[in-house]
Amino acid sequence: MNVVQLHKTPRRMGHVNVPKVTMAHGGGGKAMRDLIDDVFISAFDNETLATMEDQARFRLADLAAYGDRLAMTTDSYVIHPLKFPGGDIGKLAVCGTVNDLAVGGAVPLYLSCAVIIEEGIEVELLREIARSMARTAREAGVMFVTGDTKVVDRGACDKLFINTTGIGVIREGINLGADRVKLGDAFLVNGLLGDHGAAILNARGDMKLATPLESDCAALHGLIADLLAAAPGTRFIRDATRGGIATVLNEVADASQIGVEIHEDKTPLRDEVRGFCEILGLDPLYLANEGKLVTAVPAAQADAALAAMRNHALGREAAIIGHATDGRPGRVVMHTVFGGRRIVDMLVGEQLPRIC
Amino acid sequence: MKYVDEFRDPEKAKTLLAEINALAAKLHAGMDRPLQIMEVCGGHTHAIFRYGIESMLPDAIELIHGPGCPVCVLPMGRVDDCVALAEIPNVIFTTFGDAMRVPGSKKSLLQAKSEGCDVRMVYSPLDALKLAKENPDKEVVFFALGFETTMPSTAMTVLQAEREGVRNFSLFCNHITIIPTVKAILDSPELTLDGFLGPGHVSMVIGNASYNFIAEQYGKPLVVAGFEPLDVLHAIWMVLKQLDEKRSVVENQYSRVVPEDGNAVALDAIGRVFELRGFFEWRGLGSIDHSGVRMRDAYALYDAERKFSVKSIKIADPKSCQCGEVLKGVIKPWECKVFGGACTPETPLGALMVSSEGACAAYYQYGDVEKIHTKRAEMLKTGTLS
């Protein structure tokens with residue numbers, strides 16, 4: 001890797017010998033050093049981090065080899081429960097930030113990891129989450145180069161909050177933006193929608209539905225690279241996280257001042273997610289995804305884009321769901337399976353289950 | 001998906017629509033207003049918007065979205081009572097999700113929660129009872145809300161609490177009953193309705209005979225309808241058919257769920273726990289006699305109103321708000337003076353803007369905005385809207 005190495009003498013790694021985190025682990029002394037070593041440095045296992053300097057340092061020339069623009073993004077992860085079917089907060093914290101870089105056309109390279117830990121959390125759970133972060137980062141080809149750890153009083157946070165900041169580089173010629181969509185462009189998604197939102201709601205346990213629902217949490221940079229190669233005219237990509245594809249489509253309709261029309265029968269949904277939404281009175285278009293994107297490509301490249309995504313493991317169920325139209329600018333309209341049409345607006349707050 | 005897709009078949013919808021178009025054209029000939037059919041139940045309103053059913057119907061048919069959204073007709077004073085209960089130290093206040101955002105005169109339950117009250121969303125009153133058992137040193141109050149659809153489950157929960165000797169559980173009872181309200185609407189002098197879609201889930205509990213007076217005394221057809229889009233179209237067709245044949249009877253389109261006589265076990269539980277109130281206040285409609293239920297004296301222990309001496313202060317609806325006229329079908333949601341301006345889903349003035357089952361929120365969220373803008377502009381020009 002091209003990170004500047006400061007010195008190479010390995011130091012002795014600390015170890016935590018108690019089962020739970022206490023305020024002492026945030027005190028800045030030896031206990032904190034032990035926690036950072038034991039949980040994070042050992043999992044992330046790279047020499048830059050091990051030097052424990054206050055900042056990561058990059059050679060500009062090395063970065064420039066990837067393209068002509070730096071991309072930077074940050075996201076904080078607060079999720080209950082910390083572990084859920086299909087992932088955990090650690091995997092989410094890597095995939096989410098990698099995806100935020102990748103949807104801008106950037107090659108994701110480096111991540112920071114800042115954690116806020118509530119006293120009393122099991123150290124073994126932290127280790128498990130850190131290992132999950134490390135594994136996900138390795139698979140995504142990104143490296144943790146700097147970090148921070150804070151411990152707060154019980155009740156001051158919910159077990160564990162993670163913030164990751166990501167840096168990537170955008171290749172010359174790639175220019176994606178929500179304001180670039182043109183009349184006639186096709187909208188595509190890379191697969192079944194709403195899995196993450198439904199899995200999390202179910203994992204919170206109120207309904208206790210026995211379903212195989214799993215979060216779709218995944219890093220999408222590989223799929224996006226294939227998409228951009230097959231459809232170089234791609235106008236826009238965004239990952240459909242909180243607020244689901246309905247929110248992304250509204251944002252792009254507004255930014256590009258176009259109408260968007262989608263077709264309910266083209267919108268890929270798993271039967272389990274449909275059933276889950278039917279029971280709770282939720283609309284799957286607004287459910288969160290953590291491994292799904294919405295993209296707009298010129299109509300002439302739509303088939304190529306679709307084929308490229310379907311060729312990738314994370315895009316087998318990709319579909320063309322609609323088009324940019326000369327309808328009322330900023331409006332998203334859905335043609336329902338039943339033959340009617342309705343407006344798909346932004347949500348005001350979060351979706352709440354209906355009474356009856 | 002089985003038992004769902006069959007009821008959303010676009011081909012069957014086309015056949016029904018062709019017949020609806022023909023019948024509506026025939027019936028509408030010579031009328032100076034559209035045929036008005038009221039769906040009483042908020043669940044129907046939701047389905048109508050969700051599947052875009054209004055966009056499929058001919059202009060000769062106008063759907064009037066009735067008072068059947070229990071969250072919408074909840075008066076502001078009762079929300080204040082909820083907040084007051086939630087603010088009592090040691091109380092865990094439990095509620096269905098969509099009641100969280102309903103505005104009180106000062107705040108909603110969602111705001112109360114943000115200020116530190118222990119307000120929790122549950123899916124069933126049984127979840128609230130479970131919370132009570134898990135927290136014996138707390139008082140758990142369940143916000144009992146809804147028509148006869150949800151009444152049996154709260155009644156059964158109270159009976160279970162009694163059986164298990166749970167003492168730290170109570171209901172804040174706001175259950176309402178549909179028949180007196182439909183009657184109040186029928187007695188309204190502004191009424192021009194031609195027929196009704198009857199509430200499917202309420203009827204599953206109370207049966208169909210309760211509606212006979214609508215057909216017999218008021219001469220209006222009523223068809224009890226299911227909640228899938230084909231159910232709604234089918235029921236509209238059945239109402240038109242009655243109008244065409246100059247009949248007015250109660251018919252059951254939703255026979256796969258609704259038994260003629262309702263559900264005896266559910267009715268028995270309701271009868272044991274609840275009794276009619278002299279009157280109940282409805283948001284937008286005012287006070288309606290015998291339209292709500294309270295807990296019988298035998299269950300006073302489980303009645304939050306008595307346990308915590310709830311104040312129940314009456315708060316007048318905002319003057320600018322025309323929810324009542326919308327509920328009665330006198331005006332369409334977008335004809336209200338504050339629709340989309342002072343009253344939006346972000347800052348609802350009237351309750352109809354709060355729940356997704358409320359007619360105004362449904363129009364705002366799913367409605368044909370171009371049509372609404374054009375109509376509002378026309379009305380401003382002609383002076384019917386200021």
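**Notes on a predicted two-chain model**

1. In β10(A), the residue that bridges to Phe236(A) is Ala296(A). Phe236(A) sits on the other side of a pairing between strand β8 (residues 236-239) of chain A and β10(A), which is antiparallel and has four bridges. Please read all that follows with one caution: this is a predicted model.

2. β10(A) has a second partner to look at. Strand β7 (residues 186-189) of chain A is joined to β10(A) by four bridges, and the two run antiparallel. Here Ala186(A) stands opposite Val297(A).

3. Is β10(A) mostly covered or mostly open? Strand β10 covers residues 293-297 of chain A, and five of its five residues are buried. The side chains split between two directions. Leu293(A), Thr295(A) and Val297(A) point one way, while Val294(A) and Ala296(A) point the other way. Both groups are buried. The two bridge partners named above, Ala296(A) and Val297(A), thus fall in opposite groups.

4. Now the other sheet of interest in chain A. Four strands make an open sheet, ordered β1-β6-β4-β5, with mixed pairing. β1 (69-77) and β5 (143-152) of chain A are at the edges. Each has a single partner strand, so one side of each lacks a neighbour in the sheet. On average, neighbouring strands are turned by 15° against each other, direction ignored.

5. Inside that order, β4 and β6 of chain A are adjacent. Strand β4 (residues 106-118) and strand β6 (residues 160-170) of chain A pair antiparallel over nine bridges. Ala106(A) has Ile170(A) in β6(A) as its bridge partner. A helix also meets this sheet. Helix α1 (residues 30-44) of chain A packs on it and touches β4 and β5 of chain A. The direction of α1 makes about 145° with that of β5(A).

6. How is chain A divided? Domain 1 takes residues 23-170 and domain 2 takes 186-343. Their centres, taken over C-alpha atoms, are separated by 28 Å. The contact draws 21 residues from domain 1 of chain A and 21 residues from domain 2 of chain A.

7. Which elements supply the domain 1 side of that contact in chain A? α4 (89-102) and α5 (123-140) of chain A each supply at least two residues. α4(A) gives the most, with nine residues. By class, this side has 11 nonpolar, seven polar and three charged residues.

8. Chain B also has two domains in its assignment: domain 1 (1-318) and domain 2 (323-382). The C-alpha centres of these domains of chain B lie 21 Å apart. Domain 1 of chain B brings 31 residues to the contact, and domain 2 of chain B brings 20 residues.

9. On the domain 1 side of the contact in chain B, β1 (35-41), α2 (42-50) and β2 (61-68) of chain B each supply at least two residues. Which element gives the most? It is α2(B), with six residues. The residues of this side of domain 1 of chain B divide into 15 nonpolar, 10 polar and six charged.

10. Two of those elements, β1 and β2 of chain B, return in a sheet. Five strands form an open sheet in the order β2-β1-β7-β8-β9 of chain B, and the pairing is parallel. β2 and β9 (250-252) of chain B are the edge strands, each pairing on one side only. Neighbouring strands here are turned by 25° against each other on average, direction ignored.

11. One pairing of this sheet can be followed in detail. Strand β7 (residues 195-199) of chain B runs parallel to strand β8 (residues 222-225) of chain B, and four bridges join them. Phe196(B) stands opposite Leu222(B) in β8(B).

12. A last pairing in chain B involves strand β3 (residues 91-95) and strand β4 (residues 118-121). These strands of chain B are parallel, with four bridges between them. Thr94(B) has Arg120(B) in β4(B) as its bridge partner. What lies between the two strands along the chain? The path leaves β3(B), passes through helix α5 (residues 109-114) of chain B and reaches β4(B). This β-α-β crossover is right-handed.

Conventions. Residues are numbered from 1 along each chain as its sequence is written. Chains are lettered from A and ligands numbered from 1 in the order in which they are written. This is a predicted model: local features need pLDDT of at least 70, side-chain atom pairs count only at pLDDT 80 or more; totals for chains, interfaces and linings use all residues. Two strands pair if DSSP finds at least two bridges between them. A crossover is right-handed if, with the strands pointing away from the viewer, the path from the first strand over the helix to the second runs clockwise. Axes are lines fitted to C-alpha atoms, for helices over the stretch in contact, and angles run from 0 to 180 degrees between N-to-C directions. Two residues are in contact if their C-beta atoms, placed from the backbone, lie within 7 Å. Domain bounds come from an automatic or database domain assignment. Ala, Val, Leu, Ile, Met, Phe, Trp, Tyr, Cys and Pro count as nonpolar, Asp, Glu, Lys and Arg as charged, and the others, Gly among them, as polar. A residue is buried if 20 or more other C-beta atoms lie within 10 Å of its own, exposed if 12 or fewer, and partly exposed in between; C-beta atoms are placed from the backbone.
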